Structures are given as structure tokens and as C-alpha cells.
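Dear colleague,

Here is the structure I promised to pass on. My notes on its aromatic contacts and one of its sheets follow below.

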Amino acid sequence: MAKLYFKYGAMGSSKTAQALITKYNYEENDLQVWLIKPSADSRDGVNILRSRIGLEAQVEIVPPDRDVYRLFQDTRLGRCDVIIVDECQFLEPEQVDELRAIVDDFNIPVMCFGLRTDFQCHLFGGSRRLMEVADTILEIKTICDCGAKATVNARIDGEGHIITEGEQLFLGGNDSYIAMCHKCWVRGIREHRKIKLHGSGAPLDS
């Protein structure tokens, strides 16, 4: 039986790379993959999914008002062996339910890759619904600079300080976010520390 998978991790845990590698593995076995991502994530341009390590592929963009179940029926029925979703945290909860229905009605596995929580440690809407209805939930692990497991997607301002207020949706990569353990995140806020973003070359406060 097909399953709905939610594979989540903090920023920098290679979620997109794993999604693209999964796509390659299916296609290497002559299976057809429908690769999609929500339109909220436009960092890589139209119809491009790109990982930090340089892997990329064509992807279909799904707007928030698009019925994914109907789109599958209209364009992919009979031409799809697996659905892979990147940045699934930006899905509408209703779209997660539509993917759930595709799994149940057509026995098509759906693999969703994305973040679980935002920069305030609050669940994204799509992630919350996946936590509720997915058959299998797997964590893609990465580490904080201190060596502990990273669980927080810390948003950093232009001066290197952790941001704790603002809109949930703010697209960025290594220039705006860093994965941290909860202890370092709280300490950074309390002590108003400057955080070194990966690749920035900026020093940490002592």
C-alpha cells in the first residue's frame, strides 16, 4: 500500500537534495515522478528546484488555490508512479488533504520534504496537517554549530542578531537563516549575540 510521507528537517539539512536524489532513483528504475512545490517558494526562479549542493530539476509550481487532487486527475493520472513535494510547509492544509486522498484513492506514494517549524518555533500550516495525517514521519537531522542536534530555524538580521518577530513567510537561505539547537537559540536571544551565518565570514561574539 502506498503511503504519505513527511520528511522534515531544519535549514541546511539537505531536504531538497534528498528530494532530488529520490527523484533520480525512481527515474533510474523507469518510474515516472511528479515533482511539485508550492508557489510561495520562488527563490530558484520559475519551474526550477535547486539544492545547495548544485542538484536541480524542473518542477511544477502549485499555487495556494490549486486543487492538487484535480490537477493530478487532469494531468498526471496514468502517467505518475510517485509524487515528490519540496517546501511542503508552504502547502495549504487543504492541499495536504488532497495529497492524502491521492494516496488513498490511486495508491500513489507521496513524499513531502520541508520544514516543520518557522523562526519562532511555530508549526507551518502545511507541516501541521502533515503531522496529523501522514503515514510516516521522518526527521532529516542536522547539527548546530555547538555540535548538538539542530531543531530551530533561526532568522538572522543584517547585523547578525536573532529575529523573534515578523511575518512567518520570509524567503532566504544561508544569508538569512541558520539551524540551531534550542539552547543556543535561546542563549543568543537572551545575550543579544551576533550569530555567524554559514559562508558569511563574520565572527561570532565571544
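**Aromatic pairs and a sheet**

Phe 90 has a relative accessibility of 16% and therefore counts as buried, the limit being under 20%. Please keep in mind that the model is predicted.

Phe 124 is also buried, at 5% relative accessible area. Phe 90 and Phe 124 form an edge-to-face aromatic pair, with 5.7 Å from centre to centre and 85° between the planes. The two are 34 residues apart and link distant parts of the chain: Phe 90 is in the loop between strand S6 (82-86) and H3, and Phe 124 in the loop between strand S7 (110-114) and helix H4 (125-133).

In the whole structure, the search gives five aromatic pairs. Another of them is Tyr 69 with Phe 106, which is tilted because the planes stand at 40°, with the ring centres 5.6 Å apart. This pair joins helix H2 (residues 68-75), which holds Tyr 69, to helix H3 (residues 93-106), which holds Phe 106, across 37 residues. Tyr 69 counts as buried at 19% relative accessibility, whereas Phe 106 is partly exposed at 25%. Both belong to one aromatic cluster with Trp 34 and Phe 72.

Two charged side chains lie over ring faces: Arg 155 over Phe 119, at 3.6 Å from the ring centre, and Lys 7 over Tyr 5, at 5.8 Å.

Arg 155 falls in strand S9 (residues 152-156), which four bridges join to S11 in an antiparallel arrangement. Val 152 has Met 180 of S11 as its bridge partner. The sheet is open, with three strands in the order S10-S9-S11 and antiparallel pairing. Its edge strands are S10 (162-163) and S11 (177-180), each paired on one side only.

Regards

Technical notes: Residues numbered from 1 in each chain as written. Predicted model: local features only at pLDDT ≥ 70, side-chain atom pairs only at ≥ 80, totals over all residues. Heavy atoms only, no water. Pairing = 2+ DSSP bridges. Phe/Tyr/Trp six-rings, centres within 6.5 Å; stacked < 30°, edge-to-face > 60°. Buried < 20%, exposed > 50% of the residue type's maximum accessible area, 1.4 Å probe, protein only. Lys NZ or Arg CZ within 6 Å of the ring centre and 35° of its normal.
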